[in-house]
Amino acid sequence: MKHKDVEQKIYEEFNQKKPEIFQSILEQCPKMNEAKVRNSIWDRMRVLFHRRSFTYSFTAIVVFAVLFFAVIGVGPNQNPSVYSVVAIDVNPSLVLELDEEDKVINVIKNNEDANIIIGDMDLIGVDSDVAINALIGSMVANGYISNFTNSILLSVRSEDDLHKDEIINKLTAIINNILSGSSINGSVITQTLNVEQDAEDLAERLDISEAKAELVLRIIQIDSRMIVDDLARLSINDLNLLLEAKNYVLDDVKHTGNASDLEIISQATIYENIRTYLNLEESDVVEYDLELEQEDGLMVYEVEIVTIAFEYTVIVDAKQGTILKTTSEAIDDAEDPSDDYDDPIYDNILSEEEILELVLQELGLTQSLVQDLDFDLDEENGIAFYDIAFVYNGQEYELSVNAETGFIFSNSNDEDGYEYDDEEDEEEYDNEEESDSLGEDSIVDEEVLVEDTKIDEEALVEDTEIDEEVLVDDTEIDEEVLAEDVEMDEDAEFPENALTVEEISILLEEELEIDLSLTVDLEFNQEIESGVAYYQVGFYYDDQEYEIEVNALSGEIYINSQE
């Protein structure tokens, strides 16, 4: 069977069957590396010379001349030049060199795992899409790609930039198709492969692929707090998780899907474990925050818990749950960081006012509209930086900013960022403004308390004070209703025949296909507006904030911030 026939056989099989049966597909095709043995040109000349008819054949003289000139270099090019390069990194790392027709002309295996993936396949002369089918299928069959480690780094270089983009798009689609066929929710990181000297040197020093070295250097360029050696120890899936958590803006780097977090312990579990470790009751905690980070080549959670008296910072192995480091500081000391400023690291830092001015100018925001502004000065690997959080037009911003230069390391709301969510909550914010608007004939005295972007509203409606306390799941809720051109009955109460919190929870779990026991900051508020009773439900799940309104009688979902 010729190479072309073999290509077609593999291609058809992979488009009809799942990669789990990769081995059976190969068994149906002849092993490519058992190609027909070709004699050297000298062997063929020797056989030709020994034929008796050669001496008498004028044609033989012509043949001899052709062979002679072929030997000295005249004739067709036997070694086609490399036009494009495709590097694939999971844990197996390999490189395909392609000609102008995207056929494989060379395969470079960067590690022993690549040898396992290649096996006895001979991919020379095979179309790149067929080769990728075979390679990704082999990685799935051998357990290198699964729902636990679903990330692939695809790096491409080509003599033609347009052709490079075509290769990236084509191969990304092929990879996603193969993985979805195996019930794997894959994530493909794509980047332009430049192969600069720094990347080559780093790859050689740390024994990693040049493609991975380039990705690491791109991260270091954006965030100087990171350490090259630490990033190089991370797997491709862990690097993908880190990029998503930081929302870095990386040139020529994109991704599809999301990195698998099945090896990562959930934030809710980590928080409960840390609270138990610190011997804290839920009521002791004023506020807390969890961030997925990397430290010394490990994926970790940095957990901050604040009580009335102390502020705790705990570093936890995100996969094992092992507590790596714990520090605590009295609140009085935390509020007066002047002692920390004695460290030489902080000698040349800009003030909070200067940093805020630079940040708002860079983001094109107006200072008068900034709410709930919070600054936290810290250092990492000798780099001083500010963690800044604020609310602007209803959107939460979290930034890390170089304290000396004002350079923004990461911005949770950067539209060009790696993990920016295109689905904004603008509609939700507009609805909130509309529901909070007051009728012209209403005289309202409104006091709004804001703490961690959660708003308890107290209002006087038509000189009538409504003070209502409702107990929901042991949570006391102060609730007051605002009306817009509607006369409120001061005796209005939440209907007795309303669905219970438990019933609403079941409806939400079925509708959203999530487990509410895994959520953080779950709250149920009973509301009445325009005579309609509904539940306002808020929580965090999988690092996403949900705010939902549900009809208290029918269970119909009015608003879902994640839709």
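Helices α9 (210-222) and α10 (228-233) are part of what covers the buried residues of helix α8, and this corner of the predicted model makes a convenient place to start. Helix α8 spans residues 197-206, and its buried residues are A199, L202 and A203. These residues lie on the same side of α8, because the arc they cover around the axis is only 100°. E204 and R205, on the other side of α8, are exposed. Just after the helix comes D207, with a positive phi near 55°.

A step back to the whole chain gives some context. The chain holds 16 helices and 23 strands, and 41% of its 563 residues count as buried. Contacts between residues at least 6 apart in sequence include a share of 51% that join residues at least 24 apart. The chain exposes about 31700 Å², of which carbon and sulfur atoms supply 44%.

Helix α7 (residues 161-181) offers a single residue worth a visit, K164. The relative accessible area of K164 is 10%, so this lysine is buried, the cut-off being under 20%. Leaving aside residues up to four places away in sequence, K164 touches V156, S158 and T192. S84 is 80 residues from K164 in sequence, yet the C-alpha to C-alpha separation of the two is 7.6 Å.

Turning to the strands, one open sheet has four of them in the order β11-β12-β13-β14, paired in the antiparallel sense. The edges are taken by β11 (370-380) and β14, and each has a single partner strand, so one side of each lacks a neighbour in the sheet. On average, neighbouring strands here are turned by 15° against each other, direction ignored.

Within this sheet, strand β13 (residues 395-402) is mostly covered, with six of its eight residues buried. Eight bridges pair β13 with strand β12 (residues 383-392) in the antiparallel sense. Y392 has Q395 of β13 as its bridge partner, and Y386 is matched with V401 of β13. The two strands form a hairpin with two residues between them, and N393 in the turn has a positive phi of about 50°. To its other partner, strand β14 (residues 408-411), β13 is joined by three bridges, again in the antiparallel sense. V401 finds its bridge partner in β14 at I408. Five residues lie between the strands of this second hairpin, where G406 takes a positive phi near 85°.

Another open sheet of four strands follows the order β20-β21-β22-β23, with antiparallel pairing. Its edge strands, β20 (520-529) and β23 (557-560), each pair on one side only. From one strand to the next, the twist averages 15°. Inside the sheet, strand β21 (residues 532-541) runs antiparallel to strand β22 (residues 544-551), and eight bridges join them. One of the bridge pairs links F539 to Y546 in β22. Helix α16 (residues 501-512) lies across β20, β21, β22 and β23, and runs at about 120° to β22.

The charged side chains complete the picture. Side chains of opposite charge can pair when their charged atoms come close. With a cut-off of 4 Å between a side-chain nitrogen of Lys or Arg and a carboxyl oxygen of Asp or Glu, the count comes to twelve salt bridges. One of them joins R225 and D223, at 2.8 Å from N to O, and both of these residues are buried.

A second salt bridge is formed by K319 and E263, whose closest N and O atoms are 3.6 Å apart. This pair links distant parts of the chain, 56 residues apart: K319 belongs to the loop between β9 (310-317) and β10 (323-330), and E263 to the loop between β6 (253-256) and α12 (267-277). K319 counts as partly exposed because its relative accessibility is 29%, and E263, at 33%, also counts as partly exposed.

A further salt bridge brings together the side chains of R275 and E282, at 3.5 Å from N to O. Here R275 counts as buried, with a relative accessibility of 12%, whereas E282 counts as partly exposed at 42%. Shared partners also tie salt bridges into one network, made up of D238, E263 and K319.

Definitions and conventions:
Residues numbered from 1 in each chain as written. Predicted model: local features only at pLDDT ≥ 70, side-chain atom pairs only at ≥ 80, totals over all residues. Heavy atoms only, no water. Buried < 20%, exposed > 50% of the residue type's maximum accessible area, 1.4 Å probe, protein only. Pairing = 2+ DSSP bridges. Arc of directions from axis to C-beta. Contact = heavy atoms within 4.5 Å. Areas by Shrake-Rupley, 256 points an atom, 1.4 Å probe, with all protein chains shown as cover. Axes fitted to C-alpha atoms, helices over the stretch in contact; angles between N-to-C directions.
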